[in-house]
Amino acid sequence: MFCLEPIGSRPKAQGLKTFFLFAALLPATVWAQAADTVLINGKVVTVDERESVVEALAIRDGRIVATGTTAAIRKLAGSGTRTIDVQGRTVIPGLIDSHLHAIRAALSFSTEVNWIGARSLEEALGRIRKAAQTMPRGAWLIVAGGWNEQQFAERRRPTQAELEAAAPENPVYVQLGYGWAVLTDDGLRALKLASDADVPNGGRLERDASGKPTGAVTGPQAAIIALFDRLPRPTYAQQVEGTRAFFRELNRLGLTGVMDPGGNNLTPPDYAAVQEVWRRGEMTVRVAYSLNGQTSGRELEDYKSLLSLVPMRFGDGTLRFVGLGERLTEAMNNNPRPGDADKEKYYEIARWAAQRGYGLTMHWGPDATVDHLLAIFERVNKEIPIAPLRWSIAHLNDASAKTLERMKALGVGWTVQDAMYFGGEGFVKQAGPDAARRVPPVVTADRLGVRIGGGTDAHRVASYNPFTALQWFLDGKTVSGLAMRGPEEIPTRQQALRFYTKGSAWFSHDDGERGSLEVGKLADLAVLSKDYLTVPVAEVGDIESVLTMLGGRVVYAAGTFASLESARR
Ligand SMILES: [Zn+2]
């Protein structure tokens, strides 16, 4: 199939339709505007309405100008055109994580120890040992999250003694989710943690059966967040370097876009590093970010002052403001029983956001209490229709059909993360295997027409690897292999890919620009190491990109394509 269409959405191309149609019939050399790049001999999964797979595509000025057979696309190459033969590999639209705390993860990416994907505790401890050799003596070694003991063959957490042995000369801090962190003796001393009274916000020192401290701290989320805040921050230069390195790491995994929902331990000054990378023109991932409420109880005032000069969608294609969330107010954050005054304050912020045309994404846990939130959205919607604003709820893993119908009626979308990959065992224990079969009910939601974005919620509570999440979408299994979600809520491969591309792009109003490989759209794409459509599901998680492009520019290339990156254009 060969389809050559003009780029109707771009003023530059207006009126060229007839010319384009004729040009396609002429030898490429006489075609006035040859493609910059043609990508041929591929299995290009376009994620268009018909789920088409084509062989090739042509790119000009950062956008796709044609898709079709290799023979047809070759004709669009001129003498200056770069031809990339992908040798039968699968090409997908660049992946977009609709809920990744990327700005925060990036700040410390160059200074943290990363346990993401480690298959054994021994391997994880090896990463600490390695960091101890390269980091200066006395420097903190910090694992901020993104791991779970279920991923380790040993099925357990590290002990303080193991960390001491791995890094005898460095203080070590290892955080698990938002409920537990273990420190070496040096670390405990440096943070002045000698007794329970020294642990902030109601946390305490964990003790073994004999009452001896284990070196770990447990507590409510607020305790662990406050503890993390006591750790030294990376320098500004490290934050900038970390940001560039983290975006490259995302490119390695085929990601070209993220929606960043703010997060704990992230304040407005922390946005400086990503802003500097943006100013330098070095963004390799498109970041659409929203802003959390700042001061507990005074969130509306903060929003008004921080955002009075920031209209919705302010920014450009690589860094763009897209509204409020995922935490609007402290009072409604993880609170199953918000009071009337809390809800009234929340309503005022939501109405203000709607008046200003802002997006809004809200973190919510269980379906049982989501009426508190939906009732507010419905109240705002009576005054100002919110469907055009593309508001969303994040998490809500056990969403009921009734909730999904209310969301559909409001035009509120759902960003879905692979929380059950790490948390599935806990959910099954709590709710039982029957309830777990439909968690999260993505097929039902898709059938009802609720917009779905794929994602991870990385990097504290999950890995940022999109292929880990895609595999989980497709098999419903936890990291330790427990089959949890039933076949009736397992999407097809094309469907899951759509969630992670066009689906995610919808939330930042970008689905007309990216998220599929169609004529007129940005050439954000990834050439994969394995065929996502046919590889055994258990291998989906091992896929990486071998060539990632952002707006037609090579931002990551490996193996046989490596030379394309050094030639950067
Ligand atoms: Zn959240």
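**Note on the predicted model: helix α14, cores and domain contact**

1. In helix α14, the residues Ala419, Met420, Tyr421, Phe422, Gly423 and Gly424 are buried (20 or more other C-beta atoms within 10 Å of the residue's own, with C-beta atoms placed from the backbone; exposed is 12 or fewer, partly exposed in between). Helices are DSSP runs of H or I with at least four residues, strands are runs of E with at least two, and both are numbered from the N terminus. The buried residues of α14 pack against β19 (392-395), β20 (413-417) and α17 (466-475).

2. This is a predicted model, in which local features need pLDDT of at least 70 and side-chain atom pairs count only at pLDDT 80 or more, while totals for chains, interfaces and linings use all residues. Residues are numbered from 1 along each chain as its sequence is written.

3. Helix α14 is not straight: a kink of about 50° is centred on Glu425 (the bend at a residue is the angle between axes fitted to the seven residues ending there and the seven starting there). The helix covers residues 419-431, 13 in number, yet its end C-alpha atoms are only 15 Å apart, short of the 18 Å of a straight helix. That expected span is 1.5 Å times one less than the number of residues. Just after α14, Gly432 has a positive phi of about 90°.

4. The chain has 20 helices and 24 strands. Its radius of gyration is 24 Å, close to the 25 Å given by the globule rule for 569 residues, so the chain is as compact as a globular protein of that length (radius taken over C-alpha atoms; the rule is 2.2 Å times the number of residues to the power 0.38). Along the principal axes, the C-alpha atoms fill a box of roughly 85 × 60 × 50 Å. Of the 569 residues, 49% count as buried.

5. Contacts (C-beta atoms, placed from the backbone, within 7 Å) often link distant parts of the sequence: among those with a separation of 6 or more, 72% are between residues 24 or more positions apart.

6. The domain assignment gives domain 1 (3-94 + 549-566), domain 2 (112-229) and domain 3 (236-548); such bounds come from an automatic or database assignment. The contact between domain 1 and domain 3 takes 38 residues from domain 1 and 34 residues from domain 3. On the domain 1 side, β6 gives the most, with 5 residues. The C-alpha centres of these two domains lie 30 Å apart.

7. The largest nonpolar core (buried Ala, Val, Leu, Ile, Met, Phe, Trp, Tyr and Cys residues joined through C-beta atoms within 7 Å) has 129 residues, and Leu57 and Trp414 are among those with the most contacts inside it. It draws at least three residues from each of domain 1 and domain 3. Apart from it lies another core of 34 residues, including Ala144 and Ile224. Not counting residues up to four places away in sequence, Leu57 touches Leu39, Val44, Ile64, Ala66, Thr67, Ile73 and Leu517.

8. Two single residues illustrate the burial count. Thr284, in the loop between α9 (272-279) and β16 (286-291), is buried because 21 other C-beta atoms lie within 10 Å. Beyond four places in sequence, Thr284 is in contact with Phe247, Arg248, Asn251, Leu550 and Val555. Gly80, in strand β7 (residues 77-85), is exposed, with 8 other C-beta atoms within 10 Å.

Key: Contact = placed C-beta atoms within 7 Å.
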